[in-house]
Amino acid sequence: MSLASLVPTNIFGLRSDVNDNVCYLDEQTILYPAGANLVLYNIDQKTQRFISTGEGSGKFTCMAVSPNRRYVAIAEKGERPTVTVCDLQTLKKRKVLSLGDEDAQTQEFVSVAFAPDSKFLVTVGSTPDCNLHFWMWEKSRGPIASFKCAPQPDMCVRTVTFHPQDATQVCVAGPGVFRLLRYVDNTIKQLPFHKLDCQTFLCQAWLSDERMVIGTDNGRVLLFDGNDLKTELFLYPDERKGLGATTATLAAAAAAPAA
């Protein structure tokens, strides 16, 4: 007598506690976590496909899609946190990455990102050290380099991003932390950057090879061209009177070609 199996057809809900939890794979498909699964939802056909990592309890913490839209990396927390890389075409698991005993204090990954060539992966762990790990995910099971991003207890990292064209350069940001880092010869080195006051950086995005924007918890958006601060946008309602000119300045600076 054969045993019947249950196959899900729809999963409702969204895991709001996962960093970077909604990604567009193409114009019709959205990827997001729900329960202990990743859902690929086709907005035109109203259909769902699913990825189950099968690595733990489904305690996802962060996720990222590779620039070539071929892979997704999903991090799960635990005594030894893991990152599972899945193939978005076959919906199968490709690789499971985990830390060694020397990183036993890291209970979870708070942010993960793919390099522009999709061959490298970077993760940032939780406090107290917020260690950044650089992975050649297809060839090695462990990290090939690491860097302590938060040397003081009141610092932590919330997000990490790769330079859009350079697979060796990353940016980390969070409360009291903003650093540009480069991977060179199995080590990670800090790059010089414009000195910023200690504040809570919430997010960062690259506009081009040289330009980036940084957002803070007090409503400031900073636009940088290389190491130079070009303009600053304040988002508080009581400063709305000057918001139009500042927004126009930001848009013009972001759209103008670099000198």
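**Notes on a strand-rich predicted model**

1. Let's start with the rings: F120, F134, F162 and Y183 are joined into a cluster by ring pairs. Keep in mind while reading that this is a predicted model. The structure has 9 aromatic pairs in total, and two more of them are picked out below.

2. The pair to look at next is Y71 with W137, an edge-to-face arrangement with 4.8 Å from centre to centre and 70° between the planes. It ties together distant parts of the chain, since Y71 sits in strand β6 and W137 in the loop between β11 and β12 (145–148), 66 residues apart. Are these two residues buried or exposed? Y71 has a relative accessible area of 8%, and because the cut-off for buried is under 20%, Y71 is buried. W137 goes the same way, buried with a relative accessible area of 1%.

3. Then there is F178 with F201. Their ring centres are 5.6 Å apart and the planes meet at 55°, so this pair is tilted; the edge-to-face label needs an angle over 60 degrees. Here too distant parts of the chain are linked: F178 belongs to strand β15 (residues 177–184) and F201 to strand β17, with their positions 23 residues apart in the numbering. Both F178 and F201 are buried.

4. Strand β17 also takes us to a sheet. Four strands make up an open, antiparallel sheet in the order β17-β18-β19-β20. Which strands stand at the edges? They are β17 (201–206) and β20 (228–234); each has a single partner strand, so one side of each has no neighbour in the sheet. On average, neighbouring strands here are turned by 20° against each other, ignoring direction. If you want to trace one pairing by eye, try β19 (residues 220–225) and β20, which run antiparallel and are joined by 6 bridges. Within that pairing, R220 stands opposite F234 of β20.

5. Back in β6 (residues 71–76), have a look at A75. A75 counts as buried at 1% relative accessibility. Leaving out neighbours within four places in sequence, A75 is in contact with K59, F60, T61, C62, T82, V83 and F109. For a distance to check on screen, the C-alpha atoms of A75 and V96 are 9.7 Å apart, with 21 residues separating the two in sequence.

6. N131 is a polar residue worth a click, found in strand β11 (residues 131–135). With 9% relative accessibility, N131 counts as buried. Its contacts, again without neighbours within four places in sequence, are D103, Q105, T123, V124, G125, F147 and K148.

7. Now for a loop residue. Q28 lies between β1 (23–24) and β2 (29–34), and its relative accessible area of 30% makes Q28 partly exposed. What does Q28 touch, apart from residues up to four places away in sequence? The list is Y41, N42, I43 and D44. Between Q28 and Y41, which are 13 residues apart along the chain, the C-alpha separation is 8.1 Å.

8. Finally, the overall picture. The protein has 20 strands and 1 helix. Of its 259 residues, 47% are buried. Taking contacts between residues at least 6 apart in sequence, 40% join residues at least 24 apart. About 13,500 Å² is exposed, and carbon and sulfur atoms supply 51% of that.

Methods: Residues are numbered from 1 along each chain as its sequence is written. This is a predicted model: local features need pLDDT of at least 70, side-chain atom pairs count only at pLDDT 80 or more; totals for chains, interfaces and linings use all residues. Side-chain values use heavy atoms; hydrogens and water are left out. Helices (H or I, at least four residues) and strands (E, at least two) are DSSP runs, numbered from the N terminus. Buried means under 20% relative accessible area, exposed over 50%, partly exposed in between (1.4 Å probe, protein chains only). Contact means heavy atoms within 4.5 Å. Two strands pair if DSSP finds at least two bridges between them. Axes are lines fitted to C-alpha atoms, for helices over the stretch in contact, and angles run from 0 to 180 degrees between N-to-C directions. Accessible areas come from the Shrake-Rupley method with a 1.4 Å probe; for residues, only the protein chains shown count as cover. Rings of Phe, Tyr and Trp (its six-membered ring) pair if their centres lie within 6.5 Å; planes under 30 degrees apart count as stacked, over 60 as edge-to-face and the rest as tilted.
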